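Biologist: I am new to reading structures, and I would like a close look at one part of this one. Which residues lie nearest the centre of the largest pocket? Please take your time and show me the surroundings too.

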Amino acid sequence: VEEQYYILFPLALLFSFKYFKKYLIHILIISFLVSLISANWISFNNQSFSFYFLFTRMWELLAGSILAYLESQIGRNYNKNNFKTIILPSVGLTLIIHSIFFFHDQMFHPSFYTLSPIIGVCLIIWYSNKDEIITKILSSKLFVGIGLISYSLYLWHYPIFAFARETNFFDGHILYKFFFIFVAFLLSIFSFFFIEKPFRDKRFQFKKIITIFLVTIIFLIS
């Protein structure tokens, strides 16, 4: 869904910016609302289709696009003593935590339910500033570090927990689950420093990247 968005959205944005620049924010908001309403309706009728269909997922990404547009046009006026600046980041974090503990497999997603974490993220982004407590917490080395390895962690946890589940390794013990979370973190740290960072280095030779890819693919096929 993200890759489709990254390919198609810039083209749509360039077209809108060239021919409908005056109405760009209107286009973003209308697209957001149409996508959200469609997502809610389709999820109740075809959950899988709604989850993987770009049109029903793009409203989540468009929420960030709307924030970016507003910041570029009107900016954000911070006042650390302002009620909204003090309260709303905490409200945003509460909405995200709520989704972590109260969302379950039977809930329709994406739908109006998904607004909870999306609004939460938007509140934190819009009202974040260096003097605000939630910003300070999320800017700490611990959370920044988890953010840096998050994509590796996202990739690693799938095979680790899938194999553990298929082999009945958990055996009902929650300690095993914590052990596998620990393993996923270790592997993520390793792959961040030895795969992600080197491959992002512009000095890293393209031939080496191709060689590594080919060797990896041959190994996996074998």
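Modeller: Let me begin with a term: a helix here is a DSSP run of H or I with at least four residues, and helices are numbered from the N terminus. Please keep in mind that this is a predicted model.

First, the whole chain. Its secondary structure comes to eleven helices and zero strands, and its C-alpha atoms fill a box of roughly 55 × 45 × 40 Å along the principal axes. Of the 222 residues, 28% count as buried. Among contacts with a separation of 6 or more, 65% are between residues 24 or more positions apart.

Now to your pocket. The largest pocket holds about 1100 Å³ of space. It is lined by 21 residues, and the ones nearest its centre are Glu2, Arg57, Glu60, Leu61 and Tyr154. Two or more lining residues come from each of α1, α3, α4, α6, α8 (141-148) and α9 (150-166). Of these contributors, α6 gives the most, with four residues. By type, the lining divides into 15 nonpolar, two polar and four charged residues.

Let us follow α4, one of the helices that help to line this pocket. Helix α4 covers residues 54-73, which makes 20 residues. At 1.5 Å a residue, those should span 28 Å, and the end C-alpha atoms are 27 Å apart, so expectation and model agree. Even so, α4 has a kink of about 35°, centred on Glu60. You have met Glu60 already, as one of the residues nearest the centre of the largest pocket.

Glu60 is also among the buried residues of α4, and so is Arg57. Others in that group include Leu54, Met58, Trp59, Leu62, Ile66, Leu67 and Tyr69. What covers them? The cover includes α1 (2-19), α2 (24-43), α3 (47-52) and α6 (115-127). Just after α4 ends, Gly75 takes a positive phi of about 75°.

Helix α2 makes a good companion to α4, since it is part of the cover over the buried residues there. It too has 20 residues with an expected span of 28 Å, and its end C-alpha atoms are 28 Å apart, which agrees. The buried residues of α2 include Leu24, Ile25, Leu28, Phe32, Leu36, Ala39 and Ile42. The cover over them includes α1, α3, α4 and α6.

Next, look at what comes before α6 in the chain. Phe108 and Pro110 both lie in the loop between α5 and α6. A cis peptide bond joins His109 and Pro110, with omega at about 0°. Phe108 has a relative accessible area of 27%; partly exposed covers the range between 20% and 50%, so Phe108 falls into that class. Leaving out residues up to four places away in sequence, Phe108 touches Ser43, Phe44, Gln47 and Tyr113. Ser43 is one of the buried residues of α2, so this loop residue brings us back to a helix we have just visited. The C-alpha atoms of Phe108 and Asn45 are separated by 9.7 Å, although the two residues are 63 apart along the chain.

Helix α5 itself runs over residues 83-102 and contains Thr85. The relative accessibility of Thr85 is 6%, and because buried means under 20%, Thr85 counts as buried. Beyond residues up to four places away in sequence, Thr85 touches Asn79, Lys80, Tyr127, Asn129 and Glu132.

To finish, here is a second pocket to set beside yours. The second largest pocket has a volume of about 510 Å³. Its lining has 14 residues, with Trp156, Ser191, Ile195, Phe213 and Thr216 nearest the centre. At least two lining residues come from each of α9, α10 (174-200) and α11 (206-221), and α11 gives the most, with six. This lining divides into ten nonpolar, three polar and one charged residue. Notice α9: it helps to line the second largest pocket, and it also gives two or more residues to the lining of the largest pocket.

Note on methods. Residues are numbered from 1 along each chain as its sequence is written. This is a predicted model: local features need pLDDT of at least 70, side-chain atom pairs count only at pLDDT 80 or more; totals for chains, interfaces and linings use all residues. Side-chain values use heavy atoms; hydrogens and water are left out. The expected span of a helix is 1.5 Å times one less than its number of residues. The bend at a residue is the angle between axes fitted to the seven residues ending there and the seven starting there. Buried means under 20% relative accessible area, exposed over 50%, partly exposed in between (1.4 Å probe, protein chains only). Contact means heavy atoms within 4.5 Å. On a 1 Å grid over the protein atoms alone, a cavity is a set of points where a 1.4 Å probe fits but cannot get out, and a pocket is an open set with protein on both sides within 12 Å along at least five of seven lines; lining residues have an atom within 4 Å of a point. Grid points are joined across faces, edges and corners, and a volume is the space filled by probe spheres set on the points. Ala, Val, Leu, Ile, Met, Phe, Trp, Tyr, Cys and Pro count as nonpolar, Asp, Glu, Lys and Arg as charged, and the others, Gly among them, as polar.
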